[in-house]
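Subject: Handing over a structure, with notes on what was found

Dear colleague,

I am passing on the structure below, together with some notes that may help you as you look at it for the first time. Please keep it open beside the text while you read.

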Amino acid sequence: MKKISNLVLPVLGLIMIMLTTTVASAQSNSDDFVISISKAGQNIKLKCVTGCAWTDLEFNATTYNKSVQSVDEYGMVSANAAPKAVDKNLTDFQFTVAIDNKEFVLNGLKGTSWKTLRFKESEMFNKDGILPKD
């Protein structure tokens, strides 16, 4: 009986270590981002909830009214920016933001399943599209 209990404790310890490692790995390898977008006066505001190196971005919508602003996991970038080193803790994505006829227009360039999203009001979105409102 003592031999069985001597085996059980190390096996349980090994299982606990494996579970902890698996959970930590799943949490650090983000494969999705969640971003909210809104308009405040003449500014477009983006807030990253998860999957980004940045938390808040804001830029003047009138400056970008006829052009687009490209955004990736590191922040605002030019549309033809050279690829950066991949950080396994961030989601690899890139999209553009523009205002057209008082609508937000987002075009997915990398890491999204959508090509274009169009909407008029503040929304939250991820790699799959607009998220349902609670």
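The notes that follow take up the sheet, the salt bridges, the aromatic rings, the disulfide and one polar contact, in that order.

Please bear in mind throughout that this is a predicted model, and that the values quoted here were computed from it.

The sheet is a convenient place to begin. Five strands make up an open sheet, in which the order is 5-4-6-7-8 and the pairing is antiparallel. Strand 5 and strand 8 are the edge strands, each of them pairing on one side only, and from one strand to the next the twist averages 30°. As general background, the strands of a sheet pair through backbone hydrogen bonds, and they may do so in a parallel or an antiparallel way. Within this sheet, strand 6 and strand 7 are paired in the antiparallel sense over seven bridges, and D100 stands opposite E103 in strand 7.

Those two residues lead on to the salt bridges, of which a search of the whole structure finds six. One of them joins the side chains of D100 and R118, with N and O at 3.0 Å; this pair links distant parts of the chain, since D100 lies in strand 6 and R118 in strand 8, 18 residues apart. R118 also forms a salt bridge with E103, where the closest N and O atoms are again 3.0 Å apart, and here too distant parts of the chain are linked, with R118 in strand 8 and E103 in strand 7, 15 residues apart. Taken together, D100, E103 and R118 are linked in a network of salt bridges.

How buried or exposed are the members of this network? D100 has a relative accessible area of 34% and is therefore partly exposed, and R118, at 42% relative accessibility, also counts as partly exposed. E103, by contrast, counts as buried because its relative accessibility is 18%, and the cut-off for buried is under 20%.

Another salt bridge is the one in which the side chains of K110 and D92 meet, at 3.2 Å from N to O. K110 belongs to strand 7, while D92 sits in the loop between strand 5 (75-77) and strand 6 (94-100), so that the pair links parts of the chain that are distant, 18 residues apart. Both ends are partly exposed, K110 with a relative accessibility of 34% and D92 with one of 35%.

Turning to the aromatic rings, a search of the whole structure finds eight aromatic pairs. In one of these, the ring centres of W114 and F125 are 6.1 Å apart and the planes stand at 80°, which means that the pair is edge-to-face. W114 is in the loop between strand 7 (103-110) and strand 8 (116-119), whereas F125 is in strand 9 (residues 123-126), and the pair thus links distant parts of the chain, 11 residues apart. W114 is buried, with a relative accessible area of 6%, and F125 is likewise buried, at 0% relative accessibility. You will find both of these residues in one aromatic cluster, formed by F33, F93, F95, W114 and F125.

What can be said about cysteine pairs? The count of disulfides comes to one, and C48 and C52 form it, with their sulfur atoms 2.1 Å apart. The torsion about the S-S bond of C48 and C52 is about 80°, and the disulfide is therefore right-handed. Both C48 and C52 are buried.

Finally, you may wish to look at D72, which is found in strand 4 (residues 69-72). D72 is buried, its relative accessible area being 8%, and its side chain reaches the backbone nitrogen of Y74 at 2.7 Å.

If you have time for one place in the model, I would suggest R118, where the salt bridges with D100 and with E103 come together.

With best wishes

Definitions and conventions:
Residues numbered from 1 in each chain as written. Predicted model: local features only at pLDDT ≥ 70, side-chain atom pairs only at ≥ 80, totals over all residues. Heavy atoms only, no water. Disulfide = S-S within 2.5 Å. Buried < 20%, exposed > 50% of the residue type's maximum accessible area, 1.4 Å probe, protein only. Phe/Tyr/Trp six-rings, centres within 6.5 Å; stacked < 30°, edge-to-face > 60°. Helix = DSSP H or I, 4+ residues; strand = E, 2+ residues; numbered from the N terminus. Salt bridge = Lys/Arg side-chain N within 4 Å of Asp/Glu carboxyl O. Pairing = 2+ DSSP bridges. Axes fitted to C-alpha atoms, helices over the stretch in contact; angles between N-to-C directions. Polar contact = N/O pair within 3.5 Å; in protein donor to acceptor, adjacent residues only side chain to side chain.
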